[in-house]
2 protein chains.
Amino acid sequence: MKADHKKLERAFSPKCIAIIGDKKETNYMWLRSHSNFKGKLYSVQVAPEEIEGIKALGIENFTSLMDIPEPVDLAIVAVPRVIAPRILNDLIQKDVAAAHFFTAGFSETYTEEGINLEKMMIEIAEKSNFHVVGPNCMGIFNPSIGVGQGAAFQEAPVAGPVGLISQSGTHAVTFNRQASLQGLAINKTVSFGNGIVLDSPDYLEFFGNDPGIKVIGMYIEGVKDGKRFLKVLREVAAKKPVVIWKGGRTEEGDRAIASHTGSLAVSYSVWDSAVAQCGAVKVSSLDELIDTLKVVYFLPPVRGNRVGITGVSGGQSVAISDAFGEAGLRVPTLTNNSYEELASFFTLIGGGYRNPVDTGNQNRREIRRIIEILARDENIDNLALLVAAGMGPGGPPGESFPKLLVDIKQNIKKPVIAILAWAFSPGDVEQAGKVMKELQEGGIPAFISLERGAIALRKALDYYNLRNGNPER
Amino acid sequence: MKADHKKLERAFSPKCIAIIGDKKETNYMWLRSHSNFKGKLYSVQVAPEEIEGIKALGIENFTSLMDIPEPVDLAIVAVPRVIAPRILNDLIQKDVAAAHFFTAGFSETYTEEGINLEKMMIEIAEKSNFHVVGPNCMGIFNPSIGVGQGAAFQEAPVAGPVGLISQSGTHAVTFNRQASLQGLAINKTVSFGNGIVLDSPDYLEFFGNDPGIKVIGMYIEGVKDGKRFLKVLREVAAKKPVVIWKGGRTEEGDRAIASHTGSLAVSYSVWDSAVAQCGAVKVSSLDELIDTLKVVYFLPPVRGNRVGITGVSGGQSVAISDAFGEAGLRVPTLTNNSYEELASFFTLIGGGYRNPVDTGNQNRREIRRIIEILARDENIDNLALLVAAGMGPGGPPGESFPKLLVDIKQNIKKPVIAILAWAFSPGDVEQAGKVMKELQEGGIPAFISLERGAIALRKALDYYNLRNGNPER
């Protein structure tokens, strides 16, 4: 089926949503997760005991979809699976633009009943060219207008540059929350589950054309039409960065996929090189997905593997150098010019400046000068700044170190990343979240461990090497 | 110099501490970090403007060490480097058991003055067989009696089973805090910096004989006497688990070591096999050090690589299987007996049970039965349980899921680990910290990411394979 982008546009940016079959048992998760929806929200439910609870939420309920007095852009369906085909017919009759089926229990159960029900759904949808998101998924997330994804999002999400396409509902919901908390906000997310009508290439093409989406992340377990997937991927990756997390990189993962979405196993090495040839970046975890989207969104092109590091002290210099070294990056010595300039003011007691340049002590007062030396140094392609809790520039107390770094960065053309050295306490995490956002709003992507920062920078280098046809990996 | 364990015993568990040269500029960091010290605390300072601030803290000050009216077990020295040799002579005259020199600026600066001062210190100390911890380090941490390590520890540290020996002060302080926050408490830590008199083997031997220390972690950049280090390591590793994080695993890290402690570069592959032959486990980061100490402390011997997993849903099943697969572990299919039993009660809609067994949904109500099936299954050597925020067993709300897991675990002989799927918000982290402690108090080590859990279990398997002379890696 050919996806109609006008219909998808209505579904992803709806003016009117109908939620069908939401219930008390799940604490009305779909109605509740649309409490901030900026359009019209209706419920469709026939059970009197459920209707009572829905009315208590202040939401208008109809006992038939047909009774909704206006066009519906998106339906969210949470009915039992046996009723799903009947609801699909109603949706077609009502001319709804698209429907997300949260309902599960189809081919992924490997039961005869599930497989037959899915076949029935496909037949009905294809006959009428009806756009189904799912089934067995978390559907659409559009924080700018309050389209929720069924999950509690304690902190109000803000809208940002990322489009996420996920074959897993859990990963979609987790990504939305984790990325937002780490200062990378979402434009639109889709979790598409079994993908019986619309599949990943449809969403990829649609996100490729969406001007609000600047970078695309994907979680993929398998593709039905590999040729089409790679064709669309190549087209979209030429327009904006695409970062792909593939589930099933091991035999163990492939077995788990069989009981999750039932996608066919793909040889990971074949997948790997095909994806690279299309100009997309591959990652191996949710954390790497977030971090890599940050580097390709926030950084200018990364052109070399040599990193100048400052902000560290003693043992951290060693740990950060090992982390960058193990990610295949270099932490080289600086030019003689740089060393001469550093020698003119640097306090050697409690810190060296070979590279990393230690500024975990009194030398931090000279942080601007040190960063500018690294930025000018011709042995250095990229800068990495370590930021620790409570770090001030050594000047007046309370001066914002992140603000200072952002200010210094404005005149630097080389890629600059920040690494946060914070601990695992509630207070630390609160402060780290704020600092990360402050740095990123100033164009410095920030990461919560040495290793994560090093791998992210490496991924950015891989991405730009791919785009430039540079074989050096 | 041969270390005198009676003197070290006095230094690590002092009844009387003298802090020499603490000052306002550093906000009296050494005096303040001993505010909970259970013995007698004295200050030695001659500058009148500093003495005022010290008296304001309520601490008795003497202008000479000789004036302290009782034997001193540990001196902490924070004077400028040029005075350090004179202070050392005073310490010898006063017959202090040992002194930690926080003072830096010696051979690690590569300056003539620094190198000469260090030589002078070594001569003086060796002539009198005086025990110096450092210089250029954070010294001793013993939370059970309030011996602090100069750093703010917002949360009161509790005493536990871990001994940490670190060549880096930053890593020591960070480890103390991170490990404690993740439910792994410290017995004693030493940061020994330049190690001019006492070196890592001295502390290792001492910790090996300390009955309060059950597991030993080390951060090492280099060793002066390799033969002695390996001899002591072999002896101690035969008595209790030793986990070693080596700095300088790459050329980049080695260069950074040169300007940190100035240790000589060791070929990492040579180091690696030597350490393994001694029966110690190697790790590559602070996180891995914490996680690996957890598995060797909390788990019974790990005998095989096959893992039964539950607590997950959909995409998490795939991600966790890939993470374990990439760590070299297996997530195999179960026996037919297990599948028959699972089939008798499992709800297939919304989850499969091939392994991982999905209990992210209504099947969680059967979590006890499911865990017991995995524990009995002869294809399974270890269990991994995924615990998510707000997860209840599906029974009465508010029932503690961690408590239930600990209760189920009591009858299971196989190693059981838990993995926490929490996000990066202050509330999440607070809850995660509590859950981690609750699980670990019940003997289930818990980790804050899929990858960290998988790698930790792999490290435990490597450790027990080494001990049993099992070549399978």
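**Entry 1: how the two copies meet**

I looked first at the surface through which the chains touch in this predicted model, and I found that 100% of the interface residues of chain B are also interface residues in chain A, so the copies meet through the same surface. I then asked how chain B can be laid on chain A, and the answer was a turn of 180° with a shift of 0.0 Å along the axis, which gives an RMSD of 0.0 Å. I noted that this is the relation of a two-fold axis. Looking along chain B for the C-alpha nearest that axis, I came to Pro426(B), whose C-alpha is 2.1 Å from it.

**Entry 2: two helices side by side in chain A**

I turned next to a pair of helices, having reminded myself that two packed helices are described by the angle between their axes and the distance between the axes. For helix H4 (residues 84–93) and helix H5 (residues 112–127) of chain A, I noted that the axes come within 9 Å and cross at roughly 10°. Angles under 35 degrees count as roughly parallel, and H4(A) and H5(A) are therefore roughly parallel to each other.

I listed the residues that make this contact: H4(A) brings Ala84(A), Pro85(A), Leu88(A), Asn89(A) and Ile92(A), while H5(A) brings Leu117(A), Met120(A), Met121(A), Ile124(A) and Ala125(A). Sorting the residues of this contact by kind, I had 9 nonpolar, 1 polar and no charged.

**Entry 3: helix H4 in chain B, and what follows H4**

In chain B I looked up helix H4 (residues 84–94) and asked which of its residues are buried. They are Ala84(B), Pro85(B), Ile87(B), Leu88(B), Leu91(B) and Lys94(B). I followed these buried residues outward and saw that they pack against helix H5 (112–127) and against several strands of chain B, namely S1 (16–20), S4 (74–77), S5 (98–101) and S6 (131–133).

Just after H4(B) I came to Asp95(B), whose phi is positive, near 60°. I checked Asp95(A) as well, and there too I wrote down a positive phi of about 60°, although this residue is not a glycine. Asp95(A) lies in the loop between H4 and strand S5 (98–101) of chain A, and with a relative accessible area of 54% it is exposed.

I added Tyr110(B) to this page, since Tyr110(B) is not a glycine and yet has a positive phi of about 60°. Its place is the loop between S5 and H5 of chain B, where Tyr110(B) is exposed, with a relative accessible area of 51%.

**Entry 4: the two sides of helix H13 in chain A**

Which residues of helix H13 (residues 336–343) of chain A are buried? I found Ser338(A), Tyr339(A) and Leu342(A), and, seen down the axis of H13(A), the buried residues fall within an arc of 95°, so they line one face of the helix. As background I wrote that an α-helix has 3.6 residues a turn, so residues three or four places apart point the same way. On the other side of H13(A), the exposed residues are Asn336(A), Asn337(A) and Glu340(A).

I then asked what the buried residues of H13(A) pack against, and the partners are strand S14 (357–358) and helix H14 (367–376) of chain A. I took Ser338(A) as one case: its relative accessible area is 4%, and it is buried. Setting aside the neighbours within four places in sequence, I found Ser338(A) in contact with Ile373(A) and Asp377(A).

**Entry 5: cis peptide bonds before proline**

I looked up two peptide bonds that lead into a proline. In chain A, the bond from Gly134(A) to Pro135(A) is cis, with omega near 0°, and Pro135(A) sits in the loop between strand S6 (131–133) and strand S7 (139–141). In chain B, the bond from Asn355(B) to Pro356(B) is cis, again with omega near 0°, and Pro356(B) belongs to the loop between helix H13 (336–343) and strand S14 (357–358).

**Entry 6: a glycine in a loop of chain B**

My last stop was Gly442(B), in the loop between helix H16 (426–441) and strand S17 (446–447) of chain B. Is Gly442(B) buried or exposed? With a relative accessible area of 14%, Gly442(B) is buried. Leaving out neighbours within four places in sequence, I recorded contacts of Gly442(B) with Val406(B), Lys409(B) and Gln410(B). I also noted that Gly442(B) and Asp407(B), though 35 residues apart in sequence, are 8.0 Å apart in space, C-alpha to C-alpha.

Technical notes:
Residues are numbered from 1 along each chain as its sequence is written. Chains are lettered from A and ligands numbered from 1 in the order in which they are written. This is a predicted model: local features need pLDDT of at least 70, side-chain atom pairs count only at pLDDT 80 or more; totals for chains, interfaces and linings use all residues. Side-chain values use heavy atoms; hydrogens and water are left out. Axes are lines fitted to C-alpha atoms, for helices over the stretch in contact, and angles run from 0 to 180 degrees between N-to-C directions. Helices (H or I, at least four residues) and strands (E, at least two) are DSSP runs, numbered from the N terminus. Angles under 35 degrees count as roughly parallel, over 145 as roughly antiparallel, 65 to 115 as roughly perpendicular and the rest as oblique. Contact means heavy atoms within 4.5 Å. Ala, Val, Leu, Ile, Met, Phe, Trp, Tyr, Cys and Pro count as nonpolar, Asp, Glu, Lys and Arg as charged, and the others, Gly among them, as polar. Buried means under 20% relative accessible area, exposed over 50%, partly exposed in between (1.4 Å probe, protein chains only). The arc is that of the directions from the helix axis to the C-beta atoms. Copies are superposed by least squares on the C-alpha atoms of residues with pLDDT of at least 70 in both.
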